[in-house]
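This report describes the fold of a single protein chain. The sequence and the model are shown first, and the description follows.

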Amino acid sequence: MEAQATFFDGETAADHAVTVRLEDSNIAISGPAVPAQDWRFTDLAAIDPPHADRPFRLTHVHKPGMRLIITGPVFIAALLDKAPQLRGGFNPRRFGTAALWIIGG
């Protein structure tokens with residue numbers, strides 16, 4: 001599944017039109033002015049919670065200056081199925097990580 005999106009590289013204020021594609025474990029990003037890159041679902045973070053009437057803004061946890069803005073509702077729904085942590089709310093994986101840090105401390 002593919003969709004059009006807007007990409008910010010975190011270094012300039014310029015926005016870049018890109019194509020995003022859902023793959024098995026990542027989003028593939030490509031565009032004329034953007035080097036091809038893959039963002040694993042586990043490395044994605046939502047900037048804002050997803051809402052049906054707004055674009056969905058993402059960042060990469062290891063590249064926090066980069067932004068990806070997706071507007072296609074069908075693509076966003078498919079992405080949320082593959083990366084449920086982006087929905088927000090209670091996340092058992094984050095809770096388990098936090099619990100281990102607390103217990104370890």
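## The sheet

In this predicted model, seven strands form an open sheet in the order 4-3-2-1-7-6-5, with antiparallel pairing. Strand 4 (34-40) and strand 5 lie at the edges, each pairing on one side only. From one strand to the next, the twist averages 30°. Helix 1 packs on this sheet, where it touches strand 1, strand 2, strand 3, strand 5, strand 6 and strand 7. The direction of helix 1 makes about 60° with that of strand 2.

Two of the pairings can be described in detail. Strand 1 and strand 2 run antiparallel and are joined by seven bridges. Strand 3 and strand 4 also pair in the antiparallel sense, over five bridges, and a hairpin of two residues connects strand 3 to strand 4. Within this second pairing, isoleucine 29 has glutamine 37 of strand 4 as its bridge partner.

## Overall composition

The protein chain contains two helices and seven strands. Read from the N terminus, the elements follow the succession β-β-β-β-β-β-β-α-α. Of the 105 residues in the protein chain, 30% are buried. The accessible surface amounts to about 6600 Å², and carbon and sulfur atoms account for 59% of this surface.

Where contacts in the protein chain join residues at least 6 apart in sequence, 35% of them link residues at least 24 apart. One case of spatial proximity across the sequence involves proline 64, a residue of strand 7. Proline 64 and glycine 10 are separated by 54 residues in sequence, while their C-alpha atoms are 7.7 Å apart. Proline 64 itself is exposed, its relative accessible area being 53%.

## Helix 1 and the nonpolar core

Helix 1 spans residues 73-82, and its buried residues are Phe75, Ile76, Ala78, Leu79 and Leu80. The cover over these buried residues includes strand 1 (2-8), strand 2, strand 3 (26-31), strand 5 (44-46), strand 6 (56-60) and strand 7 (63-70).

The largest nonpolar core has 24 residues, of which Val20, Ile27, Leu68 and Leu79 touch the most other members. Two or more residues of this core come from each of strand 1, strand 2, strand 3, strand 4, strand 6, strand 7 and helix 1. Helix 1 gives the most, with five residues. In soluble globular proteins, nonpolar side chains tend to be buried together.

Valine 20 illustrates the contacts made by one of these core residues. Leaving out residues up to four places away in sequence, valine 20 touches Met1, Glu2, Ala3, Ala5, Ile27, Ala28, Ile29, Leu68 and Phe75.

## Histidine 16

Histidine 16 belongs to strand 2 (residues 15-22), and phenylalanine 7 stands opposite this histidine. Is histidine 16 buried or exposed? Histidine 16 counts as buried because its relative accessible area is 17%, under the 20% limit for that class.

Which residues are in contact with histidine 16, leaving aside its neighbours within four places in sequence? The contacts are Ala5, Thr6, Phe7, Asp9, Ala33 and Val34. Phenylalanine 7 is thus both the residue opposite histidine 16 and one of its contacts.

Definitions and conventions
Residues numbered from 1 in each chain as written. Predicted model: local features only at pLDDT ≥ 70, side-chain atom pairs only at ≥ 80, totals over all residues. Heavy atoms only, no water. Helix = DSSP H or I, 4+ residues; strand = E, 2+ residues; numbered from the N terminus. Buried < 20%, exposed > 50% of the residue type's maximum accessible area, 1.4 Å probe, protein only. Contact = heavy atoms within 4.5 Å. Areas by Shrake-Rupley, 256 points an atom, 1.4 Å probe, with all protein chains shown as cover. Pairing = 2+ DSSP bridges. Axes fitted to C-alpha atoms, helices over the stretch in contact; angles between N-to-C directions. Core = buried A, V, L, I, M, F, W, Y, C linked by side-chain atoms within 4.5 Å.
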